[in-house]
Amino acid sequence: MPTSACCGTWWRTDMTIACLDINDSNLQLWHGDKRLQSPGYALLEDGQYRFGNTARAAARLRPREVSTRHWWQLSTDPLQPALGPARHSADLVHAHLRALHREAGSPAELVLAAPGSMHKEQLALLLGIIQQCPFDAVGLVNRSVALASLYAADGPLFHLEIQLHQALLSELRAEHGSVTFQRATALPGSGLLQLQERVVEAAASAFIRQTRFDPRRRAETEQQLYDALPAALQQLQQSNETSLTVNGYHARIARSDLRAASETLVSSVSSARGEPGTTLLLDPLAALLPGLQERLAGTLLQAADLPRALAAHESQLVQRAESLVFVASLPQLGERSGDSAPAAAVTTAAQPVPPQPTHLLQGSRARPLQTAGTSLGDGWSLLRGDNDVWRLHAARGAGALEHNGQPGEDSMPVASGDRLRLADGTDAQLITVSA
């Protein structure tokens, strides 16, 4: 299924910082006039990794050499099944980020928009991975909150995104001129891959009925069927019927043939959404299945919405001087209704008090700080004391330690963003990851 069929035509943002939208169905990176799209596929080819559309095009031809789970299951657990030299999914994410960065012209700074399905440990790991990349992450925001901030609303509202292996329904709340993330509900069985399978099944059934040819019997013709779907689905947005051609065979497919493909998603959204009538925002991918937007009674987002929102909130999101905090609440801009009053809150909103650190970042590994103490090595550790303030603790015979370039001392308080260095050259940084 396509990842660009419903996108608009305007990508430019006045934001000088690049912005990365982390949805593995279609990772997108905006940098000036450039807009890159890279589905979360990884292909091992001749000992090298290829990502995005190139990898997706080989998914049916070489399934054992393609991975689609590295963003969804981001961790440092051993990769199962193995895929080349990558030890774990974090290695594939690292390589994917570097590839996107090169294609985008190597921007120096990125603001990241992450889904509510990424838990604290994954966000901390992602920041650790970026520490090993040739760019800096200077902002981290919940993508649903950023998108919803463009829409004038009051009370509960929902945002539906379709990831590769699941759909995600994020519940938000708009009040007092701000929109805040509440919770995210995963909708299994409704990811892009599952929806795609159901569409393929319907199309293959049409071929069998009309021509007695089953395109799924050979990997080559199955891949042809997958490649033919984007144009067919676009055509079904405007007409009730279209034709497909695979290996010289022709079949016609109707909009009604695809209705069953979205039944699970529609049912899951209705159940999780609860009270009818609440605002529902739909990622552009929701328009890929003909009639889905109407059945869900939602408002379709545009591809340019996210970079516009991030540019408008740049002063709230960019955190160069301190450790990144996952921003889960933003002022409402109200652009969609012409309401200009909330926009003033963008420049007048008070800055949040920097939170206490939650993790210790060493290389690409982010360790949660433990109440009982977190070891730094060489006789040093971190202990939490009064008012939840974290302090350095030096055991007898501890070696030298630098705290932000200056000598560290026993009982010295530390804060999020502080950098530590042991005598053996081991570096660490205190960071905050808040869901």
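The exercises below work through aromatic pairs, one buried threonine and several salt bridges, each with a solution in steps.

The structure is a predicted model, in which local features need pLDDT of at least 70 and side-chain atom pairs count only at pLDDT 80 or more, while totals for chains, interfaces and linings use all residues. Residues are numbered from 1 along each chain as its sequence is written, and side-chain values use heavy atoms, with hydrogens and water left out.

**Exercise 1. Classify the ring pair of Tyr-49 and Phe-51, and state whether each residue is buried or partly exposed.**

Step 1. Rings of Phe, Tyr and Trp (its six-membered ring) pair if their centres lie within 6.5 Å, and planes under 30 degrees apart count as stacked, over 60 as edge-to-face and the rest as tilted. The structure holds three aromatic pairs.

Step 2. For Tyr-49 and Phe-51 the ring centres are 6.4 Å apart and the planes stand at 35 degrees, so this pair is tilted.

Step 3. Buried means under 20% relative accessible area, exposed over 50%, and partly exposed in between (1.4 Å probe, protein chains only). Phe-51, with a relative accessible area of 13%, is buried, whereas Tyr-49, at 21%, is partly exposed.

**Exercise 2. Classify the ring pair of Phe-213 and Tyr-249, and locate both residues along the chain.**

Step 1. The ring centres of Phe-213 and Tyr-249 are 4.2 Å apart and their planes lie at 10 degrees, so the pair is stacked.

Step 2. Helices (H or I, at least four residues) and strands (E, at least two) are DSSP runs, numbered from the N terminus. Phe-213 lies in the loop between α5 (192-211) and α6 (219-238) and Tyr-249 in strand β13 (residues 249-254), so that the pair links distant parts of the chain, 36 residues apart.

Step 3. Phe-213 is buried at a relative accessible area of 11%, while Tyr-249 is partly exposed at 35%. Together with Phe-207, these two residues form one aromatic cluster.

**Exercise 3. Describe the surroundings of Thr-68.**

Step 1. Thr-68 is placed in the loop between β6 (66-67) and α2 (89-103), and with 16% relative accessibility it counts as buried.

Step 2. Contact means heavy atoms within 4.5 Å. Leaving aside residues up to four places away in sequence, Thr-68 touches Gly-40, Tyr-41, Leu-164, His-165 and Leu-193.

Step 3. A polar contact is a pair of N or O atoms within 3.5 Å; within protein, one must be able to donate a hydrogen and the other to accept it, and residues adjacent in sequence count only if both atoms are side-chain atoms. Such a contact joins the side chains of Thr-68 and His-165 at 2.9 Å.

**Exercise 4. Identify which parts of the chain the salt bridges of Arg-60 tie together.**

Step 1. A salt bridge is a side-chain nitrogen of Lys or Arg within 4 Å of a carboxyl oxygen of Asp or Glu, and by this rule the count comes to 19.

Step 2. Glu-197 and Arg-60 meet in a salt bridge of 2.5 Å, N to O. Glu-197 lies in helix α5 and Arg-60 in the loop between α1 (53-56) and β6, so the pair ties together parts that are 137 residues apart in sequence.

Step 3. Glu-222 also forms a salt bridge with Arg-60, the closest N and O atoms being 3.7 Å apart. Because Glu-222 lies in helix α6 and Arg-60 in the loop between α1 and β6, this pair ties together parts that are 162 residues apart in sequence.

Step 4. Arg-60 is partly exposed at 25% and Glu-197 is partly exposed at 33%, whereas Glu-222, at 15%, is buried.
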